[in-house]
Amino acid sequence: MLTLFIQQILNGLLDGVYYLLIAIGLSLIFSLGGIVNLAHGAFYAIGAYLTVVLGPHIGFGGALVVSPVLVAILGIIFERGLFQRFYRADPILSLLLTFGLAMVAEQTLRMIFGAPPLSYSIPSWLRGQIFLGDFIYSKYRAMLLLVAALCVVGLWFLLQKTAFGRVVRAGVQNPDMVGALGISLKPYMMSVAALGIGLAGLAGVLLAPIYSIHPAMGQEIITPAFVVVVIGGLGSFWGVVVAALLVGLVKGTTIALGYPQWSITVIYFMMLLVLLFRPRGLFGERIQRFE
Amino acid sequence: MKDMNRLASSISRRQALAGIGVAAVGVVASPSIIRAQSADVIRFGHLTPRTGFLGPLGEFAVQAVDLAVEEVNAAGGIMGRKLEILKEDSVNPQTASTKAERMVERDKVACLLGEISSASCLTIAQVAQRTKTLFVNTGGNSDALRGANCNRYMFHIESQNSMYVKTCGRSLMAQGLVKGKKWFSLTADYAFGHDLLKVAKRFMEANGGQFAADKLVPTDATDFSALLLEIRAAKPDLVISNLAGNQITNFLKQYAEFGLDFPVAGFGFDTALAWAAGKGNFGGTWPVVWHHLIDTPATKAFVAAFTKKYGKPPENQAWGDYNIVKIMAQSMNELKSTDTAKLIEHWEKGAKFDVMKTRPGYFRASDHQFMHEMYTIQALPASEIKNQWDIFKSSGPVPGPSEDLEVIATTKEEAECKMT
């Protein structure tokens, strides 16, 4: 019984990681551009559909690389074409824009691929389970976890240890000062959007073999991802990471205690508590522009 | 004119774009255009979820209805008049009833057809009763609709939960998976799931099954890993799914991923979900009202016509919507009337209809449930699968040829309908 309980808690922690790839992109795009990207889930869905389309030709491994790149390019097009016009505008406008985009994207997927879910399976080389004593884990999820962890570490390195990251972080805190120093934020904004949206596409590829692939799948993931961002605190890299693990942990514990029906409700309850007692989020930094 | 020019140039590109966007959304979102009334047309109203977690099934329903209408009109329409169908996304129970009311009062439809959600069936049935319009449910399974909530104006071509449970249950008993066996179930946490669990428990208890545990699953949950760990630890003899929609696909994919080998069965199912789970992931024993591999001439003709028009075979949701349009047209032509009271009388008297199976079916007068054959399907071994659609094998019709069609339906004791 205890083994099961421990296993549930570990599984919960890993469960949280699935939201992480979406949440990090959301948080980045919001921090730098002030855009609450409600269409972020749509890019996740596009990533999954691209896997179904490309998979038979270039294999899952190929799709794992190509699909996120294509989604990132799409992200650049949207950033240049639409998002950049709203960086300094009332957030309500960008909220409406991305809300509309999400609907258009969902309907477009429905028109092209039809409403019924599409099938896609785990490639044969990643099938199977890992057994450690009484513990069991799927080989595929272990790979998923590894890829997600690499992305998070890579992103952290990029933001904290490189010249690129320093400009982005400065841009988050004080874009006017960055401008006054003669640095144009434009290419940085574009790169951040491409990165964030590309990560959503990557999440789509990674989850396609184990989740149902249907036009509204973006909506399914965007809400919990937002919850993670709100709990973690905007602008905080590790805040989002910790919040994702925390959400997974609480979910896992709820199921382990025998209440799976509350496993979704409980994360909204967590968000409510955070909003009531610490609206900035657990690790949220003070961002001048948003105070 | 000059002023106009100045006005035009003062509108920024952004405002123009926003305007175009709003206009585009308006066109997409606007409900059906009001059609002029004319005497030479007979209209049916069709409501079904086109979006949300039942949307994938709704698409098959709509495609089937379109095909049926085409065929009815090609065969001369109804009493020489053209059949026209108004189709709407029912969205949720409240919207469903508003749209049903509009179809009856403004568009003067002769009858209402459709639905998948049991909750929406209930609100449409209330409109049907109030306006004395015939409503035929093509996809809501809840027993309560045929029991406590039954009404004179609502008929059901879709099978009730009890028919699904008893059909699949027979197959499970034949496999020795019921008597003295420990079963573990997962149930969709909403009206349909709860109703199905109740019926499933009744069946399993009556036949000597031992209930191990039931876990309620939120309808928007996508990850089943935690529940799979619970199942693995409980070591049941049988895993039962009372899940719905995309939940089933997610469950099947992840069940295969975790490599659990306890037998799986479900009491509610749709072929589209088996297709979505795909070869190698789809497994277990499941009940269906109909499927595209049934060996009757009518099924073959329907599957051929549907595949030609839409490039894929129909799934079971298409069966109900297609057949009810045909049944309605046939009945109206026979009676030479669209009168609701006459239709109800005709059906209650036990008129028989061919529904592409080995035996014709009929509406049972006591609760308006359509009595017809059902089937269980099981996954084919991977080596025998030739394409993405034909991934299962079917039982023969249930009930068998020598049995009464009513043996799988609810008995008077299980669900009583007091027609109002």
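**View 1. The open sheet of chain B.** In chain B, an open sheet of 5 strands follows the order 2-1-3-4-5 with parallel pairing, where two strands pair if DSSP finds at least two bridges between them. Strand 2 (82-89) and strand 5 (154-156) of chain B form the edges, and each has a single partner strand, so one side of each is left without a neighbour in the sheet. Direction ignored, neighbouring strands of this sheet are turned by 25° against each other on average. This is a predicted model, in which local features need pLDDT of at least 70 and side-chain atom pairs count only at pLDDT 80 or more, while totals for chains, interfaces and linings use all residues. Residues are numbered from 1 along each chain as its sequence is written, and chains are lettered from A and ligands numbered from 1 in the order in which they are written. Helices (H or I, at least four residues) and strands (E, at least two) are DSSP runs, numbered from the N terminus.

**View 2. Strand 1 and strand 2 of chain B.** These two strands pair in the parallel sense over 8 bridges, and Val41(B) stands opposite Lys82(B) in strand 2 of chain B. Helix 3 (residues 55-74) of chain B packs on the sheet, where it touches strand 1, strand 2 and strand 3 (111-114) of chain B, and its direction makes about 170° with that of strand 2 of chain B. Such angles run from 0 to 180 degrees between N-to-C directions, with axes that are lines fitted to C-alpha atoms, for helices over the stretch in contact.

**View 3. The surroundings of His46(B).** His46(B) is found in strand 1 (residues 41-48) of chain B, and this residue is buried, with 25 other C-beta atoms within 10 Å; buried stands for 20 or more such atoms, exposed for 12 or fewer, and partly exposed for values in between, with C-beta atoms placed from the backbone. Not counting residues up to four places away in sequence, His46(B) touches Val65(B), Ile85(B), Leu86(B), Lys87(B), Leu113(B) and Gly114(B), a contact being two residues whose C-beta atoms, placed from the backbone, lie within 7 Å.

**View 4. The surroundings of Ile197(A).** Ile197(A) lies in helix 7 (residues 186-207) of chain A and is buried, with 33 other C-beta atoms within 10 Å. Leaving aside neighbours within four places in sequence, Ile197(A) is in contact with Gly25(A), Phe43(A), Val71(A), Ala72(A) and Gly75(A).
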